[in-house]
Amino acid sequence: NTPETALRVTGPGLAGLQPGLSAAKEAVMRAHAAAKYVGHDASHTPVTVLKQGWLVTYAHGKHEEWELGTTVLVWLNNGSGDRRIPVSATVQYKSNAPRFDYVLLRVEGEWGERDTPVLDPGVTRFEPYVLVGASAPGDPHSTRHGSMLSTRLDENGHMKGDTPAAEGDSGGGCFLLSTGALFAICVACSDQQSSLLPITLPLAMAAELEAAEAAARQQQMPQQAGHG
């Protein structure tokens, strides 16, 4: 049996913040609320919920050996906010580093009562954000605060934030401090900055894969009817 992973920090949903909170208190609560959208794989590297049924993480390093069709265990929030439960997910798309550097995973079976993050790709320069990763030894997740250095995509399709290097943050979600919305995935860190993959790229690929799957099902329907 695979044990559940207890979450030490939980918080209200994005709509549950109370009016009149101080900016510092609200920032802490945003970070706590965002943590339920970031799980981890068997190597305890972050995997972020993109939308219902779809997860995203980085492609380099420990994930280089993953191929299309590879099934991996991912520990995700169980919907109540206090535990992570292992689920099976399959690699549906992979863009190797350094270009884009991400893996799309699809959860097998029912999604259940798990929440999905609010999405907002409209981040601006200098806007503050929180990165939820797994760089704190002994803790199921870590939070690191930063602000956007550049929203212009570099040659690898990444934006830049000022969260410094920390092993275990790649694959973690980046959430706007003002709203708690997911806008990017951290895929790499250097001494003074992080490379952030805009969610628009994996979202578009997930939509393309879903459309191809639907078209394939539609094409099979007349063939099945003809055999009836």
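Me: In strand E13 of this predicted model, which residue is the bridge partner of Lys-160?
Reply: Strand E10 covers residues 159-161, and three bridges join E10 to E13. The two strands run antiparallel. Within E13, Lys-160 has as its bridge partner Ser-195.

Me: Which residue in E13 is the bridge partner of Cys-186?
Reply: Strand E12 spans residues 182-189 and runs antiparallel to E13, with five bridges joining them. A hairpin of four residues leads from E12 to E13. The E13 residue bridged to Cys-186 is Leu-196.

Me: How many of the five residues of strand E13 are buried?
Reply: Take the two directions in turn. Ser-194, Leu-196 and Pro-198 point one way and are buried. Ser-195 and Leu-197 point the other way and are buried too. E13 is therefore largely enclosed by the rest of the structure, and its buried count is five of five.

Me: Is Leu-149 buried, partly exposed or exposed?
Reply: Leu-149 lies in strand E9, residues 142-150. Buried would need under 20% relative accessible area, and exposed over 50%. Leu-149 has 32% relative accessibility, so it counts as partly exposed.

Me: What distance separates the C-alpha atoms of Leu-149 and Ser-194?
Reply: Leu-149 touches Arg-125, Lys-160, Gly-161, Asp-162 and Gln-193, leaving aside residues up to four places away in sequence. Ser-194 is 45 residues from Leu-149 along the chain. Their C-alpha atoms are separated by 9.3 Å.

Me: Which residues on the two faces of strand E4 are buried?
Reply: E4 holds residues 54-57, and both of its faces are covered. One side carries Trp-54 and Val-56. On the other side, the buried residues are Leu-55 and Thr-57.

Me: Which residue stands opposite Trp-54 in the pairing of E3 and E4?
Reply: Strand E3 covers residues 46-51. E3 and E4 pair in the antiparallel sense over three bridges. Opposite Trp-54 stands Lys-51.

Me: What phi does Gly-53 take in the hairpin of E3 and E4?
Reply: The hairpin has two residues between the strands. Gly-53 takes a positive phi in this hairpin. The value is near 85°.

Me: Which residue in E7 stands opposite Leu-55?
Reply: E4 also pairs with strand E7, residues 102-107. That pairing is antiparallel and runs over four bridges. Opposite Leu-55 in E7 stands Leu-105.

Me: Where is the cis peptide bond that involves Pro-98, and what is its omega?
Reply: Most peptide bonds are trans. Pro-98 sits in the loop between strand E6 (83-95) and E7. The cis bond joins Ala-97 and Pro-98, with omega about 5°.

Me: What is the phi of Phe-100?
Reply: Most residues other than glycine have a negative phi. Phe-100, found in the loop between E6 and E7, is not a glycine and still has a positive phi. Its value is about 65°.

Me: Is His-44 buried, partly exposed or exposed?
Reply: His-44 is in the loop between strand E2 (38-41) and E3. His-44 is not a glycine, yet its phi is positive, about 60°. Its relative accessibility is 31%, so His-44 counts as partly exposed.

Me: Is Gly-109 buried or exposed?
Reply: Gly-109 is placed in the loop between E7 and strand E8 (128-133). The C-alpha atoms of Gly-109 and Ser-88 are 8.2 Å apart, with these positions 21 residues apart along the chain. At 67% relative accessibility, Gly-109 counts as exposed.

Me: Which residues are closest to the centre of the largest pocket?
Reply: The largest pocket holds about 240 Å³ of space. Its lining of 15 residues has six nonpolar, six polar and three charged residues. Closest to the centre are Ala-166, Glu-167, Gly-168, Asp-169 and Ser-170.

Me: What percentage of the residues in the protein chain is buried?
Reply: The chain has two helices and 13 strands. It exposes about 11000 Å², and carbon and sulfur atoms supply 50% of that area. Of the 228 residues, the buried share is 45%.

Notes:
Residues numbered from 1 in each chain as written. Predicted model: local features only at pLDDT ≥ 70, side-chain atom pairs only at ≥ 80, totals over all residues. Heavy atoms only, no water. Buried < 20%, exposed > 50% of the residue type's maximum accessible area, 1.4 Å probe, protein only. Pairing = 2+ DSSP bridges. Areas by Shrake-Rupley, 256 points an atom, 1.4 Å probe, with all protein chains shown as cover. 1 Å grid on protein atoms, 1.4 Å probe; cavity = no way out; pocket = protein on both sides within 12 Å on 5 of 7 lines; lining within 4 Å. Points joined across faces, edges and corners; volume = space filled by probe spheres on them. Nonpolar A, V, L, I, M, F, W, Y, C, P; charged D, E, K, R; others polar. Contact = heavy atoms within 4.5 Å.
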